[in-house]
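Please open the model in your viewer and keep the sequence panel beside it, since each stop on this tour begins with a selection.

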Amino acid sequence: MQATDNNDRVVYWGTGRRKSAVAQVRLVPGDGQLVINGGPGDLHLQYNPFYLSSAKAPLETLGLENDYDILVNVRGGGLTGHADAIRMGVARALCQLDPDNRKPLKIEGYLTRDPRCKERKKYGLKKARKAPQFSKR
């Protein structure tokens, strides 16, 4: 969704999900900053280069890493879920920016929702698949 903020800047929205993490992403013209839940993004993602590059990957694919600020509200899940949810949200926002961006982002797999989630625990087992120790006698 496209909107304008208080400074009459164009804002592009995208929502990303991974496991139980949900990220609401806003792309605002700027200089490439990542802000997560009101604080610095690198601090939130614990300065992990894998998480940081994953979150900014769609912008780097299109060569726009220094043209837009990423403002994110994310909740649920852990750091891996947060990073992948942000990546998906950024990719969806870039599709709002220009429909021609969809094809390269789709090829890289940034628009595909990862359906894997935690498997439920079954009765008679300790976890989803871990069985109690077998005793022959």
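The tour goes from a pair of helices to a single arginine and then to two cysteines.

Before selecting anything, bear in mind that this is a predicted model.

Begin with helix α2, residues 49–62, and helix α3, residues 79–97, whose axes come within 7 Å and cross at roughly 15 degrees. Because of that angle, which falls under the 35 degrees that serve as the cut-off, α2 and α3 count as roughly parallel to each other, and their crossing is right-handed. To display the contact itself, show the side chains of Tyr51, Ser54, Ala55, Ala57, Pro58, Leu59 and Leu62 on α2, and on α3 those of Leu79, Thr80, Ala83, Asp84, Ile86, Arg87, Val90, Ala91 and Leu94. Coloured by class, the contact of α2 with α3 shows twelve nonpolar, two polar and two charged residues.

Next, select Arg113, which lies in the segment after α4 (102–108). Arg113 has a relative accessibility of 35% and therefore counts as partly exposed. If neighbours within four places in sequence are set aside, the residues in contact with Arg113 are Arg17, Arg18, Lys19 and Met88. For a distance back to the helix pair, pick the C-alpha atoms of Arg113 and Leu94, which are separated by 16 Å although the two residues are 19 apart along the chain.

Finally, turn to the cysteines: is Cys95 buried or exposed? Cys95 counts as buried because its relative accessibility is 16%, whereas Cys117, at 61%, counts as exposed. There is no disulfide to display, as the structure holds zero of them.

Notes
Residues are numbered from 1 along each chain as its sequence is written. This is a predicted model: local features need pLDDT of at least 70, side-chain atom pairs count only at pLDDT 80 or more; totals for chains, interfaces and linings use all residues. Side-chain values use heavy atoms; hydrogens and water are left out. A disulfide is a pair of cysteine sulfur atoms within 2.5 Å. Buried means under 20% relative accessible area, exposed over 50%, partly exposed in between (1.4 Å probe, protein chains only). Axes are lines fitted to C-alpha atoms, for helices over the stretch in contact, and angles run from 0 to 180 degrees between N-to-C directions. Helices (H or I, at least four residues) and strands (E, at least two) are DSSP runs, numbered from the N terminus. Angles under 35 degrees count as roughly parallel, over 145 as roughly antiparallel, 65 to 115 as roughly perpendicular and the rest as oblique. A crossing is left-handed if the near helix is turned anticlockwise from the far one by less than a right angle, and right-handed if clockwise. Contact means heavy atoms within 4.5 Å. Ala, Val, Leu, Ile, Met, Phe, Trp, Tyr, Cys and Pro count as nonpolar, Asp, Glu, Lys and Arg as charged, and the others, Gly among them, as polar.
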